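Colleague: Could you take me through the metal site and the ligand beside it in close detail? I would like one connected account that I can follow with the model open.

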Amino acid sequence: MDGVIAPSADRVREDLAALARLTDSAQPGWTRTALSEPDVAGRESVLARMREVGLDARIDPAGNVIGVRRGARGGRMLMTGSHTDTVPSGGRFDGMVGVVGALEVVRAFDEAGIRLDHDLVVVDFFGEEPNRFGLSCVGSRALTGVFDTAMLDVLDEEGRSFGDALAAVGIDPATMMASTWPWDRVDAFIELHIEQGPMLEHAGTSIGLVSSITGISRFRALFGGRRDHAGTTGMDRRADAGCAAAGTVLAVERIARSGPDGAKGTTGGVTFTPAAVNVVTEAAEMRGEFRSIDDEWLRTAEETLASCAAEESAGRGVTVEMEWLPQAPRRLDGSVTEMCRRAVDDLGLSRAELFSGAEHDAAFIAARSPTAMLFVPSVGGRSHCPEEWTELDDVIDGIRALAESLRRADAVRR
Ligand code: HGY
Ligand code: MN
Ligand code: MN
């Protein structure tokens, strides 16, 4: 079956292109990082598009853009959407496909004369990617009531607090938590997203059904040494914070390589102070993460890294402090995923089941309401880079699968 809706490839192409134009042109690729001007413009443009397609739309106190298509019965809700912020120099599809896809589902439902019983809620979640303060999924954390207000005091490299950075883009940190959603009225959340890995393309498969979303343990390590002259201080008299950090970077790689299948470890940033070629490094800051769907392994990896960092530091007379921000792996809902599976089969699309090594707002929503995710293939498995690409036909198949899945979820009476 072709499905009863007919998404328009032209509209989807134009919506993706319109978002792609809102980028920080000083950087290569596509850059619309949370808290930046292009991100504000991006969310404003999504708000305008939501209104154009007839949604009752607003930006909530946590910066999420939320649009509602009223259902025939009301009261109960189905939710879909994703995010439109990007990593620095990222691509044009990560997150955008789920937001643009949701808007196209609304237009296609209207054209097909489909009115759901449920209210259909479309969300562009604020700040999904880790921001410069190290916090991701800000909007979905606030909507699900788990935003940690201690984060508001975290400082960026210029000494500005996250709370002030939010206020500068019109988000009042004092009222952010007022965004909490009535999750007991949401019967299903379904997020359409690009795979960001190679599996669907290798298998020649159209749709991925996501079983679980990875857990993540993010950390910040601060190494404290002593500033000295690089030419006159003997190698045995130094407290070089940079060397302790470098040893810890390699430990992250070693620990992840010896982890279970799918385990990952990455150091995403290291800064040395002073950054001067002829001064022994006094302080080093390192940020990184481990990922796995095995929560127990994540705890072990945290402990192992902490003892490696302590060892690298102690031998050099350096101090080390580590802060962890753990996020548990999340299994998605079996019955909503089953509805998606049937929808995909009825559409005659091929499918595979896989876990997500990428983080998603869906992991937070899944703690509150039944949640499923649909993936579409990423060319070459590339993502978080300018080369990130998904063929338009694959995006359209994903939109058809999303629409059919929502119709099935709508048919379940509560
Ligand atoms: O970092 C991630 O996994 C995601 O793409 N936000
Ligand atoms: Mn991403
Ligand atoms: Mn994403």
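Modeller: Happy to; here is the metal site, then the ligand, then a strand from elsewhere in the chain.

This is a predicted model, in which local features need pLDDT of at least 70, side-chain atom pairs count only at pLDDT 80 or more, and totals for chains, interfaces and linings use all residues. Residues are numbered from 1 along each chain as its sequence is written, chains are lettered from A and ligands numbered from 1 in the order in which they are written, and side-chain values use heavy atoms, with hydrogens and water left out.

Let's begin with the manganese ion (ligand 3). Its protein donors are His-83 (NE2), Asp-94 (OD) and His-193 (NE2), at 2.0 to 2.2 Å. Donors here are N, O and S atoms within 2.8 Å of the metal (3.2 Å for Na, K and Ca), and water is not among the atoms, so sites may look incomplete. Along the sequence these donor residues follow the spacing H-x10-D-x98-H. Distant parts of the chain are linked this way: Asp-94 sits in the loop between strand S3 (77-83) and helix H3 (96-111), while His-193 belongs to strand S5 (residues 186-194), 99 residues apart. Helices (H or I, at least four residues) and strands (E, at least two) are DSSP runs, numbered from the N terminus. Asp-94 is buried, with a relative accessible area of 6%, and His-193 is buried too, at 1%. Buried means under 20% relative accessible area, exposed over 50%, and partly exposed in between (1.4 Å probe, protein chains only).

Asp-94 also takes us to the other metal, because it bridges the manganese ion (ligand 2) and the manganese ion (ligand 3), which lie 3.7 Å apart. The manganese ion (ligand 2) is coordinated by Asp-94 (OD), Glu-129 (OE) and His-384 (NE2), at 2.0 to 2.1 Å. Its donor residues are spaced D-x34-E-x254-H in sequence. Here again distant parts of the chain are linked, with Glu-129 in the loop between S4 and helix H4 (138-143) and His-384 in the loop between strand S15 (371-376) and helix H11 (392-411), 255 residues apart. Glu-129 is buried at 6% relative accessible area, whereas His-384 is partly exposed at 40%.

Now for ligand 1. Around it are Asp-94, Glu-128, Glu-129, Gln-196, Arg-291, Ala-358, Glu-359 and His-384, where a residue counts as near if one of its heavy atoms lies within 4 Å. This shell divides into one nonpolar, two polar and five charged residues. A polar side-chain atom of Glu-128 lies 2.9 Å from a nitrogen atom of ligand 1. Arg-291 places a polar side-chain atom 2.7 Å from an oxygen atom of the ligand, and a polar backbone atom of Glu-359 is 2.7 Å from an oxygen atom of ligand 1. Taken alone ligand 1 exposes 210 Å², and the protein buries 95% of that; these areas come from the Shrake-Rupley method with a 1.4 Å probe.

Finally, strand S2 (residues 65-69). Five of its five residues are buried, so this strand is largely enclosed by the rest of the structure. Val-65, Gly-67 and Arg-69 lie on one side and Ile-66 and Val-68 on the other. S2 pairs with strand S1 (residues 56-59) in the antiparallel sense over four bridges, and five bridges join S2 to the antiparallel strand S4 (residues 119-125). Strands pair if DSSP finds at least two bridges between them.

Definitions and conventions. A polar contact is a pair of N or O atoms within 3.5 Å; within protein, one must be able to donate a hydrogen and the other to accept it, and residues adjacent in sequence count only if both atoms are side-chain atoms. Ala, Val, Leu, Ile, Met, Phe, Trp, Tyr, Cys and Pro count as nonpolar, Asp, Glu, Lys and Arg as charged, and the others, Gly among them, as polar.
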